[in-house]
Structures are given as C-alpha cells and as structure tokens.
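Let's take a look at a protein and the molecule it holds. Have the sequence and the 3D view ready, and follow along one spot at a time.

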Amino acid sequence: MQVLFATSNKHKVLEANVVGKRFGVEFKQLKMSYPEVRDNSVSKVALEGVKYVYSKVRKPVVVEDSGLFVKALNNFPGSFSRYVFDSIGIQGILDLMYARKNRQAYFLSTIAFHDGKVLKAFEGRVDGLISRKPSGSSGFGFDPIFIPKGSKKTFAEDAVFKSKVSHRVKSVEMFCKWFK
Ligand code: IMP
C-alpha cells in the first residue's frame, strides 16, 4: 500500500519508510510546500497542512509536523522548531540552556492524514535530555543535542536507537496500524 507524504525533508520520509516496511506501507515523497499555520500545537499545524495539500492533489496524503520542546525554556521552540533551527540553530539552543540544570526535553511528531473524507491525526512523543555539546553526525535538525531516555548517546550518534524510539517512529506506527 502506498501513500503520499508531502514534505521537503527527505529524512522524514526515510524514517517513515523504515517503519512503514514492517506494515507493508510505502510513503512516497511529494515535494510540495504548504502554508504552515502559526499555532503552538503541532497537531493543529499538521491537520491544517494536510487539508491544504489534499485540496491541491486530491489524493490520499499525509503531512507531518514535529518539534522539540525544552522544559527549562517553557517548551520553546515547540512547533516553531524549524524556524528556530534555521535561525539560531543548535548553538542557539545550547546558549539558551547555558547554566541550566534541568535539561529535560521531548520531541513530538504528528502525522495527519486526509483523503477528502477522513481527517485523522496520530501523535508520537519521545522524552530525553538536552546535551551540553553537540555530538554525532547522522539524522537532521536537533539530533546532535538530544539524548533519548534509555540511552547515553544523542540521536545523531545512534541512528539505530532513534529508529526504535523516536517520536516519528511512534506516530508513523500508529498511522500504519490504522491505515492497514
Ligand atoms: P517541521 O515539522 O518540518 O516544521 O520541522 C520540525 C523541526 O523540528 C525540524 O526542522 C527540526 O529542527 C526539528 N525536528 C523535528 N523532528 C526532529 C528529529 O527527529 N530530529 C531532530 N530534529 C527534529
């Protein structure tokens, strides 16, 4: 079974397909950008995004919105993670976290699906800590500074662990179970 995945981020599609394979679901990248609503809920952003994309392609499609939520920063950057990554980047987050003892953070991922009739969202979460310095080179975004619960390595140092526990693995798993 194939479903379109509207995103410009090839890493998201790669990660989704690792999970999809287990369920016989293939995500086909649709390189299409869509307006992102300004809202601090990733689910709201994903749902509005998928409605827009469906209105253009008229085929069953998913979009994903995700973000990093840092406790000591009142859940900043949250749904604005891409903008923050592109502007102040990893070092910007580490600077904001300088001298902070509470390093707790989590990632959220919402997969939203629409086929013109059904509109559904699936949310996955992974908890962890913000590291003191960046480590590792795999993955994307804030992977080099996120140490998931149950590991001592960042997502960027241990892609295998990421592929088992990440927020995206969970949201995609929920979607695949339902989609089948
Ligand atoms: P968007 O979902 O395309 O709006 O972007 C989400 C942003 O959150 C990305 O640009 C990354 O900065 C960050 N992000 C989301 N998921 C991950 C992940 O799995 N690893 C690292 N950073 C992520």
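## Meeting the ligand

In this predicted model, a side-chain N or O atom of R168 sits 2.8 Å from a nitrogen atom of the ligand. Taken on its own, the ligand would expose 490 Å², and the protein buries 96% of that.

R168 has company. K12 puts a polar side-chain atom 2.8 Å from an oxygen atom of the ligand. The side chain of D65 joins in too, with an N or O atom 3.2 Å from a ligand oxygen.

## The shell around it

How many residues are around the ligand, and which come nearest? There are 16 of them, and the nearest are K12, S66, D143, K162 and R168. You've already met K12 and R168 through their side-chain atoms, each 2.8 Å from a ligand atom.

What kinds of residues make up this shell? Sorted by class, 7 are charged, 5 are polar and 4 are nonpolar. Try finding three elements in your view: strand β3 (61–70), helix α3 (81–87) and helix α6 (167–179). Each of them gives at least two residues to the shell around the ligand.

## The largest pocket

Now picture the protein without its guest. Rolling a probe the size of a water molecule over the atoms shows where empty space is left. Which pocket does the ligand take up? The ligand's space is the largest pocket, and that pocket has a volume of about 740 Å³. It is lined by 32 residues, and those closest to its centre are K12, E36, S66, S81 and R82. The elements giving two or more residues to this lining are β3, α3 and α6.

As for its make-up, the lining of the largest pocket splits into 11 nonpolar, 10 polar and 11 charged residues.

## The second largest pocket

Next, look for the second largest pocket, which holds about 200 Å³ of space. Of its 14 lining residues, H11, E15, A159, K162 and S163 are the closest to its centre. K162 may ring a bell, as it's also among the residues that come nearest to the ligand.

Which elements build this lining? Helices α1 (10–23) and α5 (159–165) each supply at least two residues, and α1 gives the most, with 5. By class, this lining has 6 nonpolar, 5 polar and 3 charged residues.

## Two backbone oddities

Before you close the viewer, check out the backbone. Most residues other than glycine have a negative phi, and most peptide bonds are trans. Where does this chain do something else? One spot is N74, which has a positive phi of about 55° even though it isn't a glycine. You'll find N74 in the loop between β3 and β4.

The other spot is the peptide bond from F76 to P77: it is cis, with omega near 0°. P77 itself belongs to strand β4, residues 76–78.

Methods: Residues numbered from 1 in each chain as written. Predicted model: local features only at pLDDT ≥ 70, side-chain atom pairs only at ≥ 80, totals over all residues. Heavy atoms only, no water. Near = heavy atom within 4 Å. Polar contact = N/O pair within 3.5 Å; in protein donor to acceptor, adjacent residues only side chain to side chain. Areas by Shrake-Rupley, 256 points an atom, 1.4 Å probe, with all protein chains shown as cover. 1 Å grid on protein atoms, 1.4 Å probe; cavity = no way out; pocket = protein on both sides within 12 Å on 5 of 7 lines; lining within 4 Å. Sits in = over half its atoms within 2 Å of the grid points. Helix = DSSP H or I, 4+ residues; strand = E, 2+ residues; numbered from the N terminus. Nonpolar A, V, L, I, M, F, W, Y, C, P; charged D, E, K, R; others polar. Points joined across faces, edges and corners; volume = space filled by probe spheres on them.
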